[in-house]
Amino acid sequence: DWQVVVTHFPPTWNKEFWVEMSGRYGIDLIVSGHMHLQEMHYEEPSNFLYPTGWLVSGGGGGITSEGIPDKEGHDDQYGFFELTLTKEV
């Protein structure tokens with residue numbers, strides 16, 4: 001079974017807590033919001049929670065964003081995503 005956590009704040013808020021919880025409970029994925037942008041972290045060296053993957057999808061919350069959105073959508077502002085989880089590789 002997978003351990004998936006959905007929370008408002010990204011794990012960069014209180015990193016020590018999430019490092020401990022990920023290690024203790026084997027969290028596979030953290031899905032969060034708060035920041036008005038989209039981020040995905042898994043296998044890159046900067047992922048402080050590896051092997052736990054984590055996403056930030058800050059698509060809601062009004063018209064504010066962390067930066068200036070590109071009219072063509074070539075940016076990470078207002079991240080909406082569709083997520084499918086499967087055990088198939």
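**A walk from Asn14 to the buried contacts of Ile30**

I would like to begin with Asn14, which sits in the loop between strand E1 (4-6) and H1, where helices (H or I, at least four residues) and strands (E, at least two) are DSSP runs numbered from the N terminus. Please keep in mind that this is a predicted model, in which local features need pLDDT of at least 70 and side-chain atom pairs count only at pLDDT 80 or more, while totals for chains, interfaces and linings use all residues. Residues are numbered from 1 along each chain as its sequence is written, and side-chain values use heavy atoms, with hydrogens and water left out.

Although Asn14 is not a glycine, it has a positive phi of about 70 degrees. Is this residue buried, partly exposed or exposed? Asn14 is partly exposed, because its relative accessible area is 48%, and the classes are buried under 20%, exposed over 50%, and partly exposed in between (1.4 Å probe, protein chains only).

Stepping back to the whole chain, the secondary structure comes to 1 helix and 4 strands, and along the sequence these follow the pattern β-α-β-β-β. The chain has 89 residues, of which 29% count as buried. If we take the contacts (heavy atoms within 4.5 Å) with a separation of 6 or more, residues 24 or more positions apart account for 52% of them.

Next comes helix H1, which covers residues 15-25 and contains Ser22. Ser22 counts as buried because its relative accessible area is 7%. A polar atom of the Ser22 side chain lies 2.8 Å from the backbone oxygen of Trp18; a polar contact here is a pair of N or O atoms within 3.5 Å, where within protein one must be able to donate a hydrogen and the other to accept it, and residues adjacent in sequence count only if both atoms are side-chain atoms. Setting aside neighbours within four places in sequence, Ser22 is in contact with Ile27, Ile30, Leu49 and Thr52.

Two of those partners deserve a closer look, and I will take Ile30 before Thr52. Ile30 belongs to strand E2, residues 29-32, and it counts as buried because its relative accessibility is 0%. Which residues does Ile30 touch, not counting those up to four places away in sequence? They are Val5, Thr7, Pro11, Trp18, Ser22, Leu49, Thr52, Gly53, Trp54 and Leu55. For Trp18, which is 12 residues away along the chain, the C-alpha atom is separated from that of Ile30 by 9.4 Å.

Thr52, in turn, lies in the loop between strand E3 (38-41) and strand E4 (53-57), and with a relative accessible area of 2% this residue is also buried. Where does the side chain of Thr52 reach a backbone oxygen? The partner is the backbone oxygen of Ile27, at 2.6 Å. Leaving aside neighbours within four places in sequence, Thr52 is in contact with Ser22, Ile27, Asp28, Leu29, Ile30, His41, Tyr42 and Asn47, so that Ser22 and Ile30 appear on its list just as Thr52 appears on the lists for Ser22 and Ile30.

One further backbone feature falls in that loop between E3 and E4, where Pro51 is found. The peptide bond that joins Tyr50 and Pro51 is cis, with omega at about 15 degrees.

To close, then, the residues I would ask you to find on the screen are Ser22 in H1, Ile30 in E2, and Thr52 in the loop between E3 and E4.
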